Amino acid sequence: MSGPGVAIIGCGLIGHKRAKALGNARLVVCADIVQERADRLAATSQGCKAVIDWREAITDPSVSIVIIATLHDTLAEIAHGAVGVGKHILIEKPGARNAAELAGLAEAAATNGCLVRIGFNHRYHRALQKAQALVKSGELGPLMFLRARYGHGGRVGYDREWRSDPKKSGGGELIDQGPHLIDLARWFLGDFAEVNGFAATYYWKMPVDDNGFLLLKTAERKVAFLHASCTEWKNTFSLEIYGRHGKIDINGLGGSYGTERLTFYRMLPQMGPPETTSWEYPMEDNSWEVEFSEFIQDIRLKRQPGASVRDAIEALRIIEEIYRISGYDYDP
């Protein structure tokens, strides 16, 4: 029995990653403003057609799911269009350049009977799934705070790529890798009632930020210390979660970020050195496949996706507040 038909709009690196993670779903249409890119991705799936107009892709009767993997400036426009014709959609993070661009999307989806998932695939890395299971089990006790870092070092010409154009990107590093950090912090700690921080351009000669520092606090005074950077030089991912009875330390995401590892430190009654258990995940990252498989289940069960429009809006609101505090005006 063949799976649902999928259209991928935006056929760059992320579009190819999404195409490889479809499971039993069928890639039936690829759309990109560059015909050659659409042709290249379409060639990976028998019978798939390539178009340059995203409107043609979303109105194709063989398509029931649309994956939107374009630059930030068109994510929301295409999402509204796809929902308007009754398609289920997966939008890559951050979902839009700002929260206002997503206004009404969830309501339109509900009216038209379709589901919207935001591509926060980091939730589905093996170490992050294990961490969530440990937290839910009560092993850490009540959570107190977390701290996380996520960064890379860019490359020659990075300051001339689309991410350095605020009209296309909506900002710099804080809206690039920052949404993953904010989403994971909210996933573990809940909504943030207080937002403080600072974004700055320290190294790259571009009109957008290359570092973002955040101090976020929930109504229950749980705190997240977050740092997103594209002056990290050595690719880094680190997330530490602190509870009253123990600590989780996650490092790496595979590939250039290093082997994915989770270490759980359990506090002993006598305190002193903790009981330590480690898990290592040297295998290939499967977060994209697990995430999309869950979306297929969401659709089959008619349940709201775990990573929702609201999650994107909350992350964007935090980012916008940091930009406001820091004096950046990225109004597109």
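I take a residue as buried under 20% relative accessible area, as exposed over 50%, and as partly exposed in between. The model I am reading is a predicted one, and I keep that in mind throughout these entries.

**Entry: salt bridges**

I began with the charged pairs, and the structure holds 28 salt bridges. I looked up Asp159 and Arg160, whose side chains meet in a salt bridge with 3.8 Å from N to O. The two partners fall in separate classes of exposure: Arg160 has a relative accessible area of 66% and is therefore exposed, whereas Asp159, at 19%, is buried.

Next I turned to Glu101, which forms a salt bridge with Arg97, and there the closest N and O atoms are 2.7 Å apart. Here I found both Glu101 and Arg97 to be buried.

The third pair I noted is Glu275 with Arg266, where the side chains meet in a salt bridge at 2.9 Å, N to O. Glu275 has a relative accessibility of 37% and so counts as partly exposed, and Arg266, with a relative accessible area of 26%, is partly exposed as well. Beyond such pairs I also noted a network, in which salt bridges that share partners join Arg123, Asp183, Arg186, Asp191, Arg310 and Asp311.

**Entry: cysteines**

Which disulfides does a search of the whole structure find? I recorded zero. For Cys11 the reason is distance, because its sulfur is 4.6 Å from the closest cysteine sulfur, that of Cys30, which is too far for a bond. Cys30 is likewise in no disulfide, and for this residue the nearest cysteine sulfur is that of Cys48, 3.7 Å away. I took a disulfide to need two cysteine sulfur atoms within 2.5 Å, so the 3.7 Å between Cys30 and Cys48 does not qualify. As for their surroundings, Cys11 is buried with a relative accessible area of 2%, and Cys30 counts as buried at 0%.

**Entry: helix α1**

I then looked at helix α1, which spans residues 13–20 and in which Gly15, Arg18 and Ala19 are buried. Viewed down the axis of α1, the buried residues fall within an arc of 100 degrees, and so they line one face of the helix. Turning to the face of α1 that points away from this buried side, I found the exposed residues Leu13 and Lys20.

**Entry: a nonpolar patch and Trp233**

On the surface I noted a nonpolar patch formed by Phe198, Tyr202, Tyr203, Phe213 and Trp233, which together have about 590 Å² of accessible area. Of these residues I placed Tyr203 in the loop between β8 (194–200) and β9 (211–217), and Trp233 in the loop between β10 (223–229) and β11. Trp233 is exposed, with a relative accessible area of 51%, and its phi is near 70 degrees, a positive value in a residue other than glycine.

**Entry: further backbone notes**

I checked the backbone elsewhere with one general point in mind: most residues other than glycine have a negative phi, and most peptide bonds are trans. Met271, which is not a glycine, has a positive phi of about 60 degrees. I located Met271 in the loop between β13 (260–266) and β14 (275–281), and at 51% relative accessibility Met271 counts as exposed. The peptide bond from Lys93 to Pro94 is cis, with omega near 5 degrees, and I placed Pro94 in the loop between β5 and α5 (105–112).

**Entry: two single residues**

Is Ser238 buried or exposed? I found Ser238 buried, with a relative accessible area of 5%, and it lies in strand β11, residues 236–243. Setting aside neighbours within four places in sequence, I listed Arg147, Ala148, Arg149, Ile250 and Asn251 as the contacts of Ser238.

Val85 I found in the loop between α4 (72–84) and β5 (88–92), where, at 42% relative accessibility, Val85 counts as partly exposed. With neighbours within four places in sequence again left aside, Val85 is in contact with Ile58 and Thr59. I also looked up the separation of Val85 and Gln129, which are 44 residues apart in sequence and 34 Å apart in space, taken from C-alpha to C-alpha.

Technical notes: Residues are numbered from 1 along each chain as its sequence is written. This is a predicted model: local features need pLDDT of at least 70, side-chain atom pairs count only at pLDDT 80 or more; totals for chains, interfaces and linings use all residues. Side-chain values use heavy atoms; hydrogens and water are left out. Patches are made of residues with over 30% relative accessible area and no salt bridge: like charges are joined within 9 Å, nonpolar side chains (Val, Leu, Ile, Met, Phe, Trp, Tyr) within 5 Å. Accessible areas come from the Shrake-Rupley method with a 1.4 Å probe; for residues, only the protein chains shown count as cover. A salt bridge is a side-chain nitrogen of Lys or Arg within 4 Å of a carboxyl oxygen of Asp or Glu. Helices (H or I, at least four residues) and strands (E, at least two) are DSSP runs, numbered from the N terminus. Buried means under 20% relative accessible area, exposed over 50%, partly exposed in between (1.4 Å probe, protein chains only). The arc is that of the directions from the helix axis to the C-beta atoms. Contact means heavy atoms within 4.5 Å.
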